[in-house]
Amino acid sequence: SGLKIRYRVSKAGPMPFQEAPRPPVAPPVVISTFPESGVSDVDSALTELRVTFSKPMQDGSWAWTIWGEENFPEMTGQPRFLADGRTCVLPVRLKPGRLYATWLNSETNQDFEDRAGQSAVPYLLIFETRK
């Protein structure tokens with residue numbers, strides 16, 4: 001019962017204007033791939049790989065990065081984004097009974113960027129074709 005509260009009231013000058021801190025903006029992430037990463041029964045007749053990001057991406061900027069020369073699919077054309085701005089298509093030729101892998105962005109190659117220039121989180125697309 002001997003609790004004492006001390007306080008002081010004083011006059012302060014005007015506070016300088018400060019912008020409120022901006023919340024961090026989430027980087028784009030891969031939300032789906034076709035074929036799905038990790039599958040082992042992909043038809044080798046498939047003619048394109050697809051990756052869909054969580055937000056619209058910078059057109060003309062992509063990073064289908066080689067994980068290993070022997071595992072990178074043969075490209076039959078240039079990558080392109082679909083009209084949705086979120087799905088990138090890579091034309092390819094696949095062979096039966098092969099393991100394929102490509103990084104979508106990597107530590108050193110981060111050209112998949114959203115329209116604000118923020119790089120997508122790296123993602124490994126890896127799959128096998130049927131024999």
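**Exercise 1. Find the partner of Trp64.** In this predicted model, which residue of β7 is the bridge partner of Trp64? Then work out the sheet around that pair.

*Solution.* Start at Trp64 and look across to β7: the bridge partner there is Leu104. Next, zoom out to the two strands. β3 and β7 run antiparallel, and three bridges join them. Two strands count as paired once there are at least two bridges between them, so β3 and β7 pass. Now add the remaining strand: the order is β3-β7-β8 in an open sheet of three strands, with antiparallel pairing. That leaves β3 and β8 as the edge strands, each pairing on one side only. From one strand to the next, the twist averages 35°.

**Exercise 2. Sort out the aromatic pairs.** Are the ring pairs Trp62–Phe81 and Phe81–Phe112 stacked, tilted or edge-to-face?

*Solution.* Begin with the tally: the model has five aromatic pairs. For Trp62 and Phe81, the ring centres sit 6.5 Å apart and the planes make an angle of 45°. Stacked needs planes under 30 degrees apart and edge-to-face needs over 60, so this pair is tilted. Check where the two residues come from: Trp62 is in the loop between β2 (48–53) and β3 (64–66), while Phe81 belongs to strand β5 (residues 80–81), 19 residues apart.

Move on to Phe81 and Phe112. Their ring centres are 6.3 Å apart with planes at 90°, so call this one edge-to-face. This pair also links distant parts of the chain, with Phe112 in the loop between β7 (99–104) and β8 (123–128), 31 residues from Phe81.

Last step, put the rings together: Phe53, Trp62, Trp64, Phe81 and Phe112 form one aromatic cluster.

**Exercise 3. Buried or partly exposed?** Classify Trp62, Phe81 and Phe112.

*Solution.* The cut-off to use is 20% relative accessible area, with buried lying under that value. Trp62 comes in at 23%, so it's partly exposed. Phe81 has 12% and counts as buried. Phe112 is buried too, at 0%.

**Exercise 4. Check the backbone.** What is the geometry of the peptide bond from Phe34 to Pro35, and what is the phi of Asn105?

*Solution.* Take the proline first. The Phe34 to Pro35 bond is cis, with omega near 0°, and Pro35 lies in the loop between β1 (30–34) and β2. Then go to Asn105: its phi is positive, about 70°, although this residue isn't a glycine. Asn105 sits in the loop between β7 and β8 and is buried, with 0% relative accessibility.

**Exercise 5. Map two neighbourhoods.** What does the side chain of Glu48 make a polar contact with, and what does Thr129 touch?

*Solution.* Glu48 is part of strand β2. Its side chain makes a polar contact with the Arg50 side chain, at 2.7 Å. Skip the neighbours within four places in sequence, and Glu48 is in contact with Phe34, Arg80, Val89, Leu90, Pro91 and Val92.

For Thr129, look in the segment after β8. At 4% relative accessibility, this residue counts as buried. Setting aside residues up to four places away in sequence, Thr129 touches several others, including Val42, Ser44, Leu94, Arg98 and Tyr100. Gly97 is also on that list, and its backbone nitrogen lies 3.0 Å from a polar atom of the Thr129 side chain. Finally, compare sequence with space: Leu99 is 30 residues from Thr129 along the chain, yet their C-alpha atoms are 6.7 Å apart.

Methods. Residues are numbered from 1 along each chain as its sequence is written. This is a predicted model: local features need pLDDT of at least 70, side-chain atom pairs count only at pLDDT 80 or more; totals for chains, interfaces and linings use all residues. Side-chain values use heavy atoms; hydrogens and water are left out. Rings of Phe, Tyr and Trp (its six-membered ring) pair if their centres lie within 6.5 Å; planes under 30 degrees apart count as stacked, over 60 as edge-to-face and the rest as tilted. Helices (H or I, at least four residues) and strands (E, at least two) are DSSP runs, numbered from the N terminus. Buried means under 20% relative accessible area, exposed over 50%, partly exposed in between (1.4 Å probe, protein chains only). Axes are lines fitted to C-alpha atoms, for helices over the stretch in contact, and angles run from 0 to 180 degrees between N-to-C directions. A polar contact is a pair of N or O atoms within 3.5 Å; within protein, one must be able to donate a hydrogen and the other to accept it, and residues adjacent in sequence count only if both atoms are side-chain atoms. Contact means heavy atoms within 4.5 Å.
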